[in-house]
Amino acid sequence: MKHTMSPFLLFCLVFLSQLMAGFSSSTPPPSYGDRVSILSIDGGGIRGIIPATVLDYLDKALKAKDPTTSLAHYFDVISGTSTGGLMTAMLAAPNSSNSNHPLFTPSEVVQFYKKYGPDIFQARAWYDLEKCPKYDGEFLRDITRQILNDTRLNQTLTNVVIPSFDERKLYPVIFSSFKLKTETYLNAKLSDICLSTSAAPTYLPPHQFENDGVEFDMVDGAMAANNPALVAVSEVIQHAGNKEIMLLSLGTGITANNNKLGGIFDGVCQLGWLVSSSGVFNEAMYSTDMTHYYLATVFGGLLPQDNYIRIEEYNLDPSMEDMDDASPENMDKLEKVGKNLLSQSVSRININNFVPVPLDQTNAQALDRLADKLYAERLLRLKRKSMEKRRRPFIGTDEANSNRISAA
């Protein structure tokens with residue numbers, strides 16, 4: 001007896017296959033949605049394990065809604081400085097085996113730090129007469145080039161914003177996807193960008209490279225913006241127009257009695273660098289270059305308070321403060337700090353006395369709510385994109401459309 005598939009069942013199968021194909025595809029740009037979303041990750045060396053652990057929670061919350069997606073499907077911009085810049089590239093670079101998925105998940109980032117941290121921060125051999133900087137940077141250079149290969153800034157799964165600082169030209173350099181249309185020389189290899197933003201003075205050597213006829217002599221992005229959140233917001237406003245913004249900003253932990261100069265005068269390497277590079281230090285401290293970013297943000301409009309989440313450990317144990325302590329014991333403790341942060345209350349800084357004030361929800365609850373918003377935004381964009389393909393207008397007024405942005 002010959003069996004035939006009912007028209008209704010056939011319709012259901014076709015509809016389901018189209019639906020899953022839409023979910024597994026890249027998210028349409030913000031022009032199809034109502035908000036633009038930004039993920040920002042601070043610098044802090046091996047303490048990058050803390051934000052990576054927090055991101056693992058968010059990544060799993062989003063995968064529970066759609067297992068085919070990654071963070072790069074939900075954040076229109078990922079920004080990071082120093083270790084946060086390296087993490088940004090790992091989360092945004094395409095995977096060679098599946099170009100629609102990132103090179104690393106947050107969980108894999110944590111394991112990367114645990115596996116390679118001791119080699120990155122390996123002390124120089126006793127017979128190595130060159131004692132400054134503290135580490136030769138050779139392993140970090142090799143592993144960065146190995147995992148990122150020849151991937152360039154314009155090949156990332158989502159927009160990327162990574163600050164660094166040119167010690168020869170004495171100004172910050174912002175490697176931004178938004179700038180590539182006009183500043184083509186910034187379309188460098190991600191490996192060069194990562195080595196630039198992570199070249200912490202006295203710890204790792206400066207990174208020199210040439211791209212599109214332009215020479216770069218780069219040091220740590222923290223010289224420009226250790227917390228790159230405002231840089232990322234400003235990039236969105238300057239290059240993409242006004243739009244409601246959702247921002248998740250992740251820190252790498254600070255101690256309650258944090259020394260604002262970070263011990264820069266401690267040790268021969270630090271003192272030597274300060275004397276020989278006073279111009280770099282003064283320019284980074286007092287330069288008006290970054291102020292342009294601040295003003296662009298202020299005049300662009302203020303963010304809705306509920307759209308801004310800052311997750312930071314404000315009372316980090318001083319024993320975990322060193323950015324280069326890659327001992328297995330310390331890395332395990334840093335991962336535990338990240339997990340414990342999830343159960344802590346969300347805090348906002350009182351700008352009058354700069355003391356964190358706890359709110360009435362935990363960081364995990366805030367991330368769950370953010371996951372709901374990010375998922376709803378993605379569904380909305382997919383729906384509107386689908387309606388457009390079927391030549392049907394998607395819901396929205398002309399005024400709303402004028403305020404939307406199209407990501408680069």
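**Exercise 1. Find the bridge partner of Phe 165 in strand E8, and then place strand E5 among its neighbours.**

In E8, Phe 165 has Val 219 as its bridge partner. The model is a predicted one, in which local features need pLDDT of at least 70, side-chain atom pairs count only at pLDDT 80 or more, and totals for chains, interfaces and linings use all residues. Residues are numbered from 1 along each chain as its sequence is written, and side-chain values use heavy atoms, with hydrogens and water left out.

Step 1: E5 (residues 159-166) and E8 (residues 214-219) run antiparallel and are joined by two bridges, where strands (E, at least two residues) are DSSP runs numbered from the N terminus and pair if DSSP finds at least two bridges between them.

Step 2: Six bridges join E5 to the antiparallel strand E6 (residues 171-176), in which Pro 172 is the bridge partner of Phe 165.

Step 3: Strand E2 (residues 77-80) runs parallel to E5 and is joined to it by three bridges, with Ile 78 partnered by Val 160.

**Exercise 2. Decide whether the two faces of E5 are buried or exposed.**

Step 1: In a regular strand the side chains alternate between the two faces of the sheet.

Step 2: One side of E5 carries Asn 159, Val 161, Pro 163 and Phe 165, the other Val 160, Ile 162, Ser 164 and Asp 166, and all are buried, meaning under 20% relative accessible area (exposed is over 50%, partly exposed in between; 1.4 Å probe, protein chains only).

Step 3: Both faces are therefore covered, and eight of the eight residues of E5 are buried.

Technical notes. Helices (H or I, at least four residues) and strands (E, at least two) are DSSP runs, numbered from the N terminus.
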